[in-house]
Each structure stands twice: as C-alpha cells, then as structure tokens.
Amino acid sequence: MATPFTDNYDMNFLLNTMMGPNAMRITEEMANFLLLSPGMRILDLGCGTGISSILLSEKYDVTVFAADLWISPTENAERFTSLGLDSKIFPLLVDATKELPFAHEYFDIIISVDAYQYFGDNEMMLPKLLPYVKKGGLIAVAVPGFTQDFPEGELPEEVRPFWNLDWHFYSRNWWRTLWEKESSIAITECREMDSCKQAWDEWLKSPSPYAQQDIQMMEAGAGKYFNIIQMIGRKI
C-alpha cells in the first residue's frame, strides 16, 4: 500500500497551520470516497488555512475554491503562492450563512472539513448548498463528533470540565437523521473515520494555544468519546 500523501508532507508546516485535528489527513481519507479526477472544480467551504485545499490540489490536480470566514484570503493566497499553487487554488472570503457568490451547478463537489458543524447543523444548509453542485455531484463533510448521543446536560465526566457549547459535536446517527430530511440528496457514506486518533494526536503537537488547551482534555480521557464523522451525499 502506498504511503499516505500526508505522511510525506512537511509536518512542521502542517503543525503551524492546523486549526484542529489534522485537516490534511482527514481530507486524504475522505478523498478516497470521492472519485476525484484532474480538472474538477471543488469548493472547500470553511477551508481555514487551506491545508485541505492543498491536499486536493497537489495530490489530485483539481481546481479548488478555498472559502473561509475566519482566515483572510490574502493570508491564504500568500501560503498557496509559496507552494506554487496560486493557479490551482483560489482563496475567497465567504460566510456560509450568507448568500454564496457562485454560479449554480458550478462545482463537481463541495467539501468541508472540520467546519460544517459550525454552520450546517440545521435543516437549511443542505438545500442552500445543493444549487451550486452539478447534478450527480457530491457534498462531502468531515466533522468532529461523539461516538454516541448524550442527553442535554449529561456529558461524561471526562468531557464536562472542558466542554464548549460552540463546538457543536453530534453523533453519526444525528447527522444521518438530519441529512435524510433533504430529499434532493442521496446519502452514499455515513461513517466514523479511521484517521480520528492520528489526526487528533498530530493536532496536540501543534504550537497553537488551542491545541495546548486540548492536551489536558485528552489526557483526562475525553478522547474516548470523540470520533470524526464522514457524510457524503449525491445530488439527485
């Protein structure tokens, strides 16, 4: 079996650009389910610092529109240019909760890695995104979540001291139930991802102060309740 692209990448670069569990590794695993081919147009929604976009462009030779609200397009443009990817990745400032600045049926795939939970945990987002995907195209997301449903106010004791309501963690079944409400998409994958532990372990080595805060949480045992959930749906 070939060595994963992520394993051969500059880990110092990744550690200094991560904003959560290693998005490049997560994207590489999810890409195995997407049948990518050169020249495809992909919207990377909530791309952060763009390491998911870099993986897609470098490994699969696709064109990526790297859209984020928190990281400036100028910062991402400089990063992409330094890697020789400025003709393959186009950075944009986009708020997913507002009107999207794209043509309908423009993208082969919309992907979102470790971001969709912030804006997509509602019944409105899928029908909003679907017009921008070609018929037969995909919406693919990878989100951190819980291995099971926990009633409100009943988080495990290992998790409770560290919990932030802004994280929006849900179970795999919760996400499937939400997506099944949209009749214009056929769910092709709903699974727990294999790269969860490795992506988290790499994140905890990052100099990011947020990563350093998460170390105590993981040492307390919270990680045994965490997973990364992959959801893929085809527009019908």
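The legends below describe close-up views of a predicted model of one protein chain.

**View 1. Overall fold of the protein chain, which has nine helices and seven strands.** Along its principal axes, the C-alpha trace of the protein chain spans about 45 × 45 × 40 Å. The radius of gyration of the protein chain is 17 Å, which agrees with the value near 18 Å that a compact globule of 236 residues would have.

**View 2. The open sheet, formed by seven strands with mixed pairing.** Read across the sheet, the strands follow the order β3-β2-β1-β4-β5-β7-β6. The edge strands are β3, covering residues 89–93, and β6, covering residues 185–192, and each of these pairs on one side only. From one strand to the next, the twist averages 15°. Strands of a sheet pair through backbone hydrogen bonds, and they may do so in either a parallel or an antiparallel manner.

**View 3. The pairing of β6 with β7, two strands that run antiparallel.** Strand β7, made up of residues 226–235, is joined to β6 by seven bridges. For Cys-190, the bridge partner in β7 is Met-231.

**View 4. Helix α4 packed on the sheet.** Helix α4, which comprises residues 73–82, touches both β2 (63–68) and β3, and the direction of α4 makes about 165° with that of β3. The loop between α4 and β3 holds Lys-88, the residue shown in the final view.

**View 5. The packing of helix α2 against helix α3.** Two packed helices are described by the angle between their axes and by the distance between those axes. Here α2 (residues 23–31) and α3 (residues 51–60) pack at an angle of about 45°, and their axes lie 8 Å apart. Because this angle falls neither under 35 degrees, nor over 145, nor within 65 to 115, α2 counts as oblique to α3. The crossing of the two helices, α2 and α3, is right-handed. On the α2 side, Ala-23, Met-24, Thr-27, Glu-28 and Ala-31 take part, and they meet Ile-51, Ser-52, Ile-54, Leu-55, Leu-56, Lys-59 and Tyr-60 of α3. The residues of this contact between α2 and α3 divide into eight nonpolar, two polar and two charged.

**View 6. The surroundings of Lys-88, in the loop between α4 and β3.** When the neighbours within four places in sequence are left aside, Lys-88 is in contact with Ser-57, Asp-61, Val-62, Thr-63 and Val-64. Lys-88 and Gly-39 are 49 residues apart along the chain, and their C-alpha atoms are separated by 9.5 Å.

Terms used:
Residues are numbered from 1 along each chain as its sequence is written. This is a predicted model: local features need pLDDT of at least 70, side-chain atom pairs count only at pLDDT 80 or more; totals for chains, interfaces and linings use all residues. Side-chain values use heavy atoms; hydrogens and water are left out. Two strands pair if DSSP finds at least two bridges between them. Helices (H or I, at least four residues) and strands (E, at least two) are DSSP runs, numbered from the N terminus. Axes are lines fitted to C-alpha atoms, for helices over the stretch in contact, and angles run from 0 to 180 degrees between N-to-C directions. Contact means heavy atoms within 4.5 Å. A crossing is left-handed if the near helix is turned anticlockwise from the far one by less than a right angle, and right-handed if clockwise. Ala, Val, Leu, Ile, Met, Phe, Trp, Tyr, Cys and Pro count as nonpolar, Asp, Glu, Lys and Arg as charged, and the others, Gly among them, as polar. The radius of gyration is taken over C-alpha atoms; the globule rule is 2.2 Å times the number of residues to the power 0.38.
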